[in-house]
Amino acid sequence: MNQFFRQFMLTDHRKQQILSILKQHGQVIAKEISHAMGVSEDTIRRDLREMAQQGLLQRVHGGALPASPAVADFAGRERITPDGKLAIGRAAAKMIQPGQVVILDGGTTASQVARHIPPDLKATIITHSPTIALELVNHLNVEVILIGGRFFKHSVVAVGAAAIEAITQVHADIYFMGVTGVHPKTGLTTGDYEEAAVKRALSHAAAETIVLASSEKLNAASPYVVVPLSEISGIITERSAEKLSYALTRSSESPSHEPEKPRPSPRLFLYLPTILKSSGSCARGVSHPQQGTIFFPASGGPHV
């Protein structure tokens, strides 16, 4: 019994160390931490597997990344960072120009965008979310196009082949995308395979993709990739520029220890009302007091 207890304590301590490394560095590499802790890689892989089953991390080849808490159902997500989502929604709504065709994703943050669209704005909103469509019922000058398909109750959106077929007939100005994870290694991710496919199709149907990412989604990963960071036009978050810049531009070793293929750098550029100290990894975006901050990893600027 004493031996079992000691083994349990060793395992628990090791897992706590893994979580600490994950929080500090944004990833863990199985080979490295097995050497550092003096245990086999098999032991570390078992720990990571058990921790993934508990929702504590997201396993990847050679290690693990932070798991996103935003994979809860719609009702559960409404309770996560509500103030941040409100700020993000207000900032995103200000980007919509009269006459534009806009794709608005489903989800709790996108709902805040819909709620902050000016009541007199004349535009077209395309969505695969009945929730978003209902938010816009009283916007008399907004034409709402609702994309149908198989109803995915977890996220309250339409998914499947019918939805993707309808999306191929769309050419929008901007797509406000919701995700559950934003990470420099995995890019933009979500928790459902079919939902990821629909988001990817929506992104390809728009001239620009702007990601709505509250703080808990930054530097986190979910199982299914939507698109890499290099394919988006910007990110709106309530976190500081320093936090986001650190999370998305950090240069770290690949968990697989294999040389990485060249890829566009997800650099961030910061546009602010006043000139701030800048560096190679600084960002360019627009800061709205009490409204969130908009970041643009691509060259060019915001349309606000």
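The questions and answers below deal with the strands, helices and surface of one predicted model.

This is a predicted model in which local features need pLDDT of at least 70 and side-chain atom pairs count only at pLDDT 80 or more, while totals for chains, interfaces and linings use all residues. Residues are numbered from 1 along each chain as its sequence is written, and side-chain values use heavy atoms, with hydrogens and water left out.

Q: How many helices and strands does the protein chain have?
A: Helices (H or I, at least four residues) and strands (E, at least two) are DSSP runs, numbered from the N terminus. On that basis the protein chain has 10 helices and 16 strands.

Q: What percentage of the residues of the protein chain count as buried?
A: Buried means under 20% relative accessible area, exposed means over 50%, and partly exposed lies in between (1.4 Å probe, protein chains only). The protein chain has 304 residues, and the share that counts as buried is 50%.

Q: Among contacts in the protein chain between residues at least 6 apart in sequence, what percentage join residues at least 24 apart?
A: A contact means heavy atoms within 4.5 Å. Among contacts between residues at least 6 apart in sequence, the share joining residues at least 24 apart is 64%.

Q: Which strands stand at the edges of the open sheet with the order E1-E3-E2?
A: Two strands pair if DSSP finds at least two bridges between them. This open sheet of three strands has antiparallel pairing, and four bridges join E2 to strand E3 (residues 63-66). Each edge strand has a single partner strand, so one side of each is left without a neighbour in the sheet; the two are strand E1 (28-29) and strand E2 (57-60).

Q: Which helix packs on the sheet, touching E1, E2 and E3?
A: Axes are lines fitted to C-alpha atoms, for helices over the stretch in contact, and angles run from 0 to 180 degrees between N-to-C directions. The direction of the helix in question makes about 130° with that of E2, and its residues are 41-53: helix H3.

Q: Which residue of E13 stands opposite Leu-188?
A: A second open sheet of three strands has the order E10-E11-E13, with antiparallel pairing. Its edge strands are strand E10 (181-183) and strand E13 (224-227). Three bridges join strand E11 (residues 187-190) to E13. Opposite Leu-188 stands Val-227.

Q: Why is strand E12 largely enclosed by the rest of the structure?
A: Strand E12 spans residues 206-212. The strand is largely enclosed because, of its seven residues, the number that are buried is five.

Q: What is the bridge partner of Val-211 in E14?
A: Strand E9 (residues 172-178) and E12 pair in the parallel sense over six bridges, and Met-177 stands opposite Val-211 in E12. E12 also pairs in the parallel sense with strand E14 (residues 234-237), over three bridges. In E14, the bridge partner of Val-211 is Ile-235.

Q: How are H5 and H6 set relative to each other?
A: Helix H5 (residues 82-93) and helix H6 (residues 108-115) pack at an angle of about 50°, with their axes 7 Å apart. The contact includes Lys-85 and Leu-86 of H5 and Thr-108 and Thr-109 of H6. Angles under 35 degrees count as roughly parallel, over 145 as roughly antiparallel, 65 to 115 as roughly perpendicular and the rest as oblique. H5 and H6 are therefore oblique.
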